[in-house]
Amino acid sequence: MWTRKEVKEKGKVSFKRNYWKALLVALLLSIIAGGSYNSFSKSDPSTFLAVKNDMESDGNHFEMDVDQDAAGNYNVVLDVQDEYGNSVEEETDEEPVEVDLNKNESIALYGTIIGSVLLITTIIFAIVLVFDAFILNPLEMGCNKFFLKNLEDEATLSNVTAGFEKGYMNIVKILLRRDIAIILWSMLFVIPGIIKAYEYRMIPYLLAENPNMTWKEAFTESKTMMTGNKWKAFVLDLSFIGWNLLSVLTLGILSIFYVNPYRFSTNAALYEAIKYGYIDTPEVTMA
């Protein structure tokens, strides 16, 4: 049975023994994690109020009148008033803005805008997902293979590209299935997605050791390994909160030069401890 202290100690010793290479691979893995589908964010609705709030900051406010004539046309009049209720247009000798919109034309316009936004969003998401599947995921597996091999001996940077060599398409398909599964489970109030992320946590390491295994084997074995270990893995992740806070205080410098390689190496040690049931901490020899 593994303990948090033993896993973290082996992770620390392992990355220190091969420090500069571990730092470079950890930096790449951090970029991959930040550029994957998980970072695909939606627009903040408050941004649409920015212009209005800026214009109202000097005491002005807005009134809009909408009238409909006998022909069914709409007359929209936007009236800007100052804090005393005087029309700004009168003070500046500008005429109120009037726009005539046909009801059907306005509906068609809104429909076109919404359709265009949805289409653009779908295209962007598809591009991100494809890039994630064919480039980032194989790199993720290669980086994890580096840290896994580095537990016992000084790994080489060539391990990073291992995902593009043997079993490339199989790796792409399996990790894409993992991503889609986590996305779909996350739609159920987020918590199920977090649980599944821990359940599938070992898949990249399993592929690092056997890139030709089937997706069913990868999912089943990862689920079996994490049964009874999800909470302990969660607590292991929480144990890095103090380091993360210190990283913020150093503007991320500490994270680059210490915390990230420490955490990724610890994650590899966790896989080894669960998979093989032992933790053999090597001695560190700094160059």
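Okay, is Leu251 buried or exposed? Leu251 is exposed, with a relative accessible area of 78%. Keep in mind that everything I show today comes from a predicted model.

Let me stay with Leu251 for a moment. You'll find Leu251 in the loop between helix H11, which covers 241-249, and H12. Its phi is near 60°, a positive value in a residue other than glycine. Why flag that? Most residues other than glycine have a negative phi. Phe189 is another one to look at: its phi is near 65°, again a positive value in a residue other than glycine. Phe189 sits in the loop between H6 and H7, and at 76% relative accessibility Phe189 counts as exposed.

Now let me back up to the whole chain. We have 287 residues, and 37% of them count as buried. The chain has 12 helices and three strands. If you take the contacts with a separation of 6 or more, residues 24 or more positions apart account for 67% of them.

On to the salt bridges. How many does the structure hold? There are eight, and I'll walk you through three pairs.

Start with Lys10 and Glu152. They form a salt bridge, and the closest N and O atoms are 2.9 Å apart. Lys10 is in helix H1, residues 4-17, while Glu152 is in the loop between helix H5 (103-150) and helix H6 (168-186), so this pair ties together parts that are 142 residues apart in sequence. Lys10 is buried, at a relative accessible area of 0%. Glu152, on the other hand, counts as partly exposed, at 42% relative accessibility.

Next up, Arg178 and Glu140. This is also a salt bridge, with 3.0 Å between the closest N and O atoms. Arg178 belongs to helix H6 and Glu140 to helix H5, so the pair ties together parts that are 38 residues apart in sequence. And here both Arg178 and Glu140 are buried.

Then there's Arg201 with Asp237, a salt bridge whose closest N and O atoms are 2.9 Å apart. That pair links distant parts of the chain: Arg201 is in the loop between helix H7 (191-199) and helix H8 (203-209), and Asp237 is in helix H10, residues 230-238, with their positions 36 residues apart. Arg201 counts as buried at 16% relative accessibility, whereas Asp237 counts as partly exposed at 24%. As for sharing, salt bridges with common partners join Lys10, Glu152 and Glu272 into one network.

Hold on to Lys10 and Glu272, please, and look at how H1 meets helix H12, residues 253-276. The axes of these two helices come within 7 Å and cross at roughly 125°. That makes H1 oblique to H12. The crossing of H1 and H12 is right-handed. Which residues make the contact? From H1 they include Val7, Lys10, Gly11, Ser14 and Phe15, and from H12 they include Tyr258, Tyr262, Ala269, Leu270 and Glu272. So Lys10 and Glu272 turn up in this contact as well as in the salt-bridge network. By class, the contact of H1 with H12 has eight nonpolar, four polar and five charged residues.

Just past H1 comes Asn18. Asn18 is in the loop between H1 and helix H2, which covers 19-35. Is Asn18 buried or exposed? Asn18 is buried, with a relative accessible area of 6%. Leaving out residues up to four places away in sequence, Asn18 touches Phe146, Asn150, Glu154 and Ala155. And the C-alpha atoms of Asn18 and Leu151 are separated by 9.8 Å, with the two residues 133 apart along the chain.

Last stop, Lys173. You'll see Lys173 in helix H6, and Lys173 is exposed, with a relative accessible area of 52%. From C-alpha to C-alpha, Lys173 and Thr214 are 9.6 Å apart in space, and they are 41 residues apart in sequence.

To wrap up, if you open the model yourself, I'd begin with the Lys10, Glu152 and Glu272 network, then turn to the right-handed crossing of H1 and H12. Thanks, everyone.

Terms used: Residues are numbered from 1 along each chain as its sequence is written. This is a predicted model: local features need pLDDT of at least 70, side-chain atom pairs count only at pLDDT 80 or more; totals for chains, interfaces and linings use all residues. Side-chain values use heavy atoms; hydrogens and water are left out. A salt bridge is a side-chain nitrogen of Lys or Arg within 4 Å of a carboxyl oxygen of Asp or Glu. Helices (H or I, at least four residues) and strands (E, at least two) are DSSP runs, numbered from the N terminus. Buried means under 20% relative accessible area, exposed over 50%, partly exposed in between (1.4 Å probe, protein chains only). Axes are lines fitted to C-alpha atoms, for helices over the stretch in contact, and angles run from 0 to 180 degrees between N-to-C directions. Angles under 35 degrees count as roughly parallel, over 145 as roughly antiparallel, 65 to 115 as roughly perpendicular and the rest as oblique. A crossing is left-handed if the near helix is turned anticlockwise from the far one by less than a right angle, and right-handed if clockwise. Contact means heavy atoms within 4.5 Å. Ala, Val, Leu, Ile, Met, Phe, Trp, Tyr, Cys and Pro count as nonpolar, Asp, Glu, Lys and Arg as charged, and the others, Gly among them, as polar.
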